[in-house]
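Trainee: I have a model open and would like to go through its packing and its charged pairs. Can we start with one helix and work outwards?

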Amino acid sequence: MTRLHLVRHGPTHAKTMVGWSDLPADLSDTAALKRLHDHLPPEALVISSDLSRAVETATAIQGQRQRLPHHPGLREIHFGHWELRGFAEIEAEDPELAFAYWDNPGDVRPPQGESWNDVRDRVDAAIDTLVSAHSGRDLIIVAHFGVILTQVQRALDLDGQQTFSHRIDNLSVTDILIDADRSSVGTINHLP
């Protein structure tokens, strides 16, 4: 059995759509980082997305744990033309597309960006590779809101709307257990 401990990076405080933009994390809450470090299994392997907010958070909670190379397949949703824009601005430009993207996640994509299904395919492939290479291990994966939700959707067999009803806070942990071809969810959005 492989256990995934999916950690959302520290906050960026951006009030816009932040996907592939490389904004830093605010890691000033050292008490929260210590609680997170202490909560996670000491023998787990640590890996992160290659975006600095995830890399920096992984470094802050790593301690003596072994670190794996950053993985670009664990990046956040690529919002394309919507990147670093506020929701109100996006909605004013194309209300039908904005509504469709969030209300019916699937094949709808922002201009020059990824659909939800694109994100799922990319992240599922990255997770499958990690699980195959490190079967039976605990993996601390420091990533993003969308990345974590892809694995919640996968493990619980949810549709897109059900998936987006889950809250994933910064510095939270979502635990997923993978046994053979089955996945189950332990906790979602746990804040140690």
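**Helix, cores and salt bridges**

Mentor: In H4, the buried residues are Leu97, Ala98 and Tyr101. This is a predicted model, where local features need pLDDT of at least 70 and side-chain atom pairs count only at pLDDT 80 or more, while totals for chains, interfaces and linings use all residues. Residues are numbered from 1 along each chain as its sequence is written, and side-chain values use heavy atoms, with hydrogens and water left out.

Trainee: What do "buried" and "H4" mean here?

Mentor: Buried is under 20% relative accessible area, exposed is over 50%, and partly exposed is in between, using a 1.4 Å probe and protein chains only. Helices (H or I, at least four residues) and strands (E, at least two) are DSSP runs numbered from the N terminus.

Trainee: Why do the buried residues sit on the same side of H4?

Mentor: They cover an arc of only 100° around the axis, so they fall on the same side of H4. The arc is taken from the directions from the helix axis to the C-beta atoms. Glu96 and Phe99, on the other side of H4, are exposed.

Trainee: And what do the buried ones pack against?

Mentor: Helix H3 (87–93) and H5. Contact here means heavy atoms within 4.5 Å.

Trainee: Switching to the cores. Which residues touch the most other members of the largest one?

Mentor: Leu4, Leu74, Trp82, Ile127, Leu130 and Ile141, out of 35 residues in that nonpolar core. Such a core is a set of buried Ala, Val, Leu, Ile, Met, Phe, Trp, Tyr and Cys residues joined through side-chain atoms within 4.5 Å.

Trainee: Which elements feed it?

Mentor: At least two residues each come from E1, strand E2 (45–48), helix H4 (95–103), helix H5 (116–133), strand E3 (138–143), helix H6 (145–156) and strand E4 (173–179). H5 gives the most, with 7 residues.

Trainee: What does isoleucine 141 touch?

Mentor: Beyond neighbours within four places in sequence, isoleucine 141 contacts Leu4, His5, Leu6, Val7, Ile47, Leu74, Ile127 and Leu130. There is also a second, separate core of 14 residues, which includes Val7, Leu36, Val46 and Ile140.

Trainee: Now the charges. How many salt bridges?

Mentor: The structure has 11, each defined as a side-chain nitrogen of Lys or Arg within 4 Å of a carboxyl oxygen of Asp or Glu.

Trainee: Is the pair of aspartate 124 and arginine 120 buried or exposed?

Mentor: Both aspartate 124 and arginine 120 are buried. Their closest N and O atoms are 3.4 Å apart in a salt bridge, and both residues lie in helix H5, 4 residues apart, about one turn of the helix. Arg120, Asp124, Asp128 and Arg154 are linked in a network of salt bridges.

Trainee: What about arginine 109?

Mentor: Arginine 109 forms a salt bridge with aspartate 118, with 2.3 Å between the closest N and O atoms. Arginine 109 is partly exposed, at 40% relative accessibility, and aspartate 118 is partly exposed at 27%.

Trainee: Last one: where is serine 21?

Mentor: Serine 21 is in the loop between strand E1 (2–8) and helix H1 (30–39). Serine 21 counts as buried because its relative accessible area is 15%. Its side chain makes a polar contact with the side chain of glutamate 83, at 2.7 Å. A polar contact is a pair of N or O atoms within 3.5 Å; within protein, one must be able to donate a hydrogen and the other to accept it, and residues adjacent in sequence count only if both atoms are side-chain atoms.
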